[in-house]
Amino acid sequence: MTELTGGSALPQERRVVTAIPGPKSLELQARRTATVAGGVGSVLPVFTTRAGGGVIEDVDGNSLIDFGSGIAVTSVGASAEAVVRRASAQLANFTHTCFMVTPYEGYVEVCEQLAELTPGDHAKKSALFNSGAEAVENAVKIARSYTKRQAVVVFDHGYHGRTNLTMALTAKNMPYKHGFGPFAPEVYRVPVAYGYRWPTGAENCGPEAAAQAIDQITKQVGAENVAAIIIEPVLGEGGFIEPAKGFLPRIAEFAKDNGIVFVADEIQSGFCRTGQWFACEDEGVVPDLITTAKGIAGGMPLAAVTGRAEIMDSAHAGGLGGTYGGNPVACAAALGAIETMRELDLNAKAKRIEEVMKGRLTAMQEKFPVIGDIRGRGAMIAIELVKDPETKAPAPEAAGALAKACHAEGLLVLTCGTYGNVLRFLPPLVIGEDLLNEGLDIIEAAFARL
Ligand code: PLZ
């Protein structure tokens, strides 16, 4: 594979010249602790100076291999040429007018791109926002306004954000919800097809889980009361759970049959991350609404709700918006990111990353039984760690120790999962294959030492 770094000028190499974090990072961390609220965490407190391609440089001169992409954001790299060029030009022209005051072309162009790239050939419209949580909140507003119903159905292990409504939609208590209630009403949670942990086995999981979910919706909520069903086509924070085959199409069909707006939250899984523009394409599911953020704008804050024109237009004029939604610099960055995804064929890159990672991880699983499951698609790959492959008892300590060992060697990895026992790998799609393999070498050595 050639080195396609999205135009980053940074040397694409791992370089560890101090302890990690190094002395300058530790100094900054002390200042940070004095002034930054303790509730805001950091996975690895090395302070960044530059980042691009597949690396992050820190204040101590270390260069880390990036298997995190700032939580699935910098798919095109953190300083992609087209993003920097277009956003810089926009910055020089104007930073803001507020689209609700005087509009500009970039916003319209992003909506045109979204209409083209999202699944389905029906008429589509979009509205732009700042964060993923805000997009999900607006999808709920739009679905309620369209259906004149109130209930929202979400799934076990789901994650949708940290605002009040999206905390209610999110499954996991710690750290997202604990002590922050009361939560928004009319939110109902049903089972998801988690093949690895399904009692009767992964083969039966898709249809069985769908039947259970549908039974709960019809019996406990009433399909006629449901405005929206919201699901991540690959569940991200919950542990990179790919719903077992058949589950998503069945739930989408149930929604269609009952006049429920089916919302795919593609905030983490979208924009080439899984080797397709959107993960729901894998089973040919066409959502009524799609929420996007993260990868859409190469690191600038931008989010969107895109969907069927008649649903999107159901909110009254002036009912949707926000001061910064679809900021012109963020829109310019998004156009640069989308240009990069097309030009470098990042879907193909993501598929190649999957091939390399799954090959290496499968070989590791044979040696290290702590690796219970390998899953995910494209450059959204995870391993679930267990104390014993038979009982599948979660091993969050092992995940924490592994992540720590990787960090010390200059490889940034993240954990996730309801049980905290999943190591997830989200490299920028432009990472070079040498760096990818070097990262996997570090993971393998860390397992050997565990
Ligand atoms: N929906 C599917 O993955 C954000 C959260 C990190 P915001 N995921 C990373 C953290 O601990 O806060 C996410 C997501 C899905 C919604 C969101 C929310 O997106 O841009 O963080 O609001």
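**Ser25, Glu237, Glu384 and the helix packing**

Let me start with Ser25, which is buried at a relative accessible area of 0% (buried is under 20%, exposed over 50%, partly exposed in between, with a 1.4 Å probe and protein chains only). This is a predicted model, so local features need pLDDT of at least 70 and side-chain atom pairs pLDDT 80 or more, while totals for chains, interfaces and linings use all residues. Numbering runs from 1 along each chain as its sequence is written, and side-chain values use heavy atoms, without hydrogens or water.

Where does Ser25 lie? In helix 1, residues 23-35 (helices, H or I, of at least four residues and strands, E, of at least two are DSSP runs, numbered from the N terminus). The Ser25 side chain reaches the backbone nitrogen of Phe47 at 2.9 Å. Ser25 also touches Pro45, Val46, Phe47, Asp58, Val59 and Asp60, once residues up to four places away in sequence are left out (contact is heavy atoms within 4.5 Å). Just ahead, in the segment before helix 1, sits Pro21. The peptide bond from Ile20 to Pro21 is cis, with omega about 0°.

Next, Glu237. The C-alpha atoms of Glu237 and Ser25 are 27 Å apart, and 212 residues separate the two along the chain. Glu237 belongs to the loop between strand 7 (226-231) and helix 8 (247-257). Is that glutamate buried or exposed? Glu237 is buried, because its relative accessible area is 12%. Its contacts outside the four nearest places in sequence are Ile71, Tyr159, Tyr176, Glu232, Gln268, Cys416, Gly417, Thr418 and Arg424. One of those partners, Gln268, makes a side-chain to side-chain polar contact with Glu237 at 3.0 Å (a pair of N or O atoms within 3.5 Å, one able to donate a hydrogen and the other to accept it; neighbours in sequence count only through side-chain atoms).

Now Glu384. Glu384 sits in strand 12, residues 380-385. Glu384 counts as buried because its relative accessibility is 0%. With residues up to four places away in sequence set aside, Glu384 touches Tyr194, Tyr196, Arg197, Val370, Ile371, Gly372, Asp373, Arg375, Asn421 and Val422.

On to helix packing. Helix 3 (81-93) and helix 10 (328-343) have axes 7 Å apart, at an angle of about 155° (axes are lines fitted to C-alpha atoms over the stretch in contact; angles run from 0 to 180 degrees between N-to-C directions). Helix 3 is therefore roughly antiparallel to helix 10 (over 145 degrees; under 35 is roughly parallel, 65 to 115 roughly perpendicular, the rest oblique). From helix 3 come Ala82, Val83, Arg85, Arg86, Ala87, Gln90 and Leu91. They meet Pro328, Val329, Ala332, Ala333, Leu335, Gly336, Ala337, Glu339 and Thr340 of helix 10. That contact splits into 10 nonpolar, 3 polar and 3 charged residues (Ala, Val, Leu, Ile, Met, Phe, Trp, Tyr, Cys and Pro are nonpolar; Asp, Glu, Lys and Arg charged; the others, Gly among them, polar).

Helix 10 also packs with helix 4 (105-117). Here the axes come within 8 Å and cross at roughly 35°. Helix 4 supplies Gly106, Tyr107, Glu109, Val110, Gln113, Glu116 and Leu117. Helix 10 supplies Cys331, Ala334, Leu335, Ile338 and Arg342. The tally for helix 4 with helix 10 is 7 nonpolar, 2 polar and 3 charged.

Third pair: helix 12 (396-408) with helix 13 (433-449). Their axes come within 9 Å and cross at roughly 130°. So helix 12 is oblique to helix 13. Leu402, Ala405 and Cys406 of helix 12 make the contact with Ile442, Ile443, Ala446, Phe447 and Arg449 of helix 13. How do the residues of that contact divide? Into 7 nonpolar, no polar and 1 charged.

Last, some backbone geometry. Met174 and Pro175 are joined by a cis peptide bond, omega about 0°. Pro175 is in the loop between helix 6 (164-169) and strand 6 (187-190). Glu186 is in the loop between helix 6 and strand 6. Glu186 is not a glycine, yet its phi is positive, about 65°. Its relative accessibility is 30%, so Glu186 counts as partly exposed. Ser69 has positive phi too, near 50°. Ser69 sits in helix 2, residues 69-72. Ser69 counts as buried because its relative accessibility is 0%.
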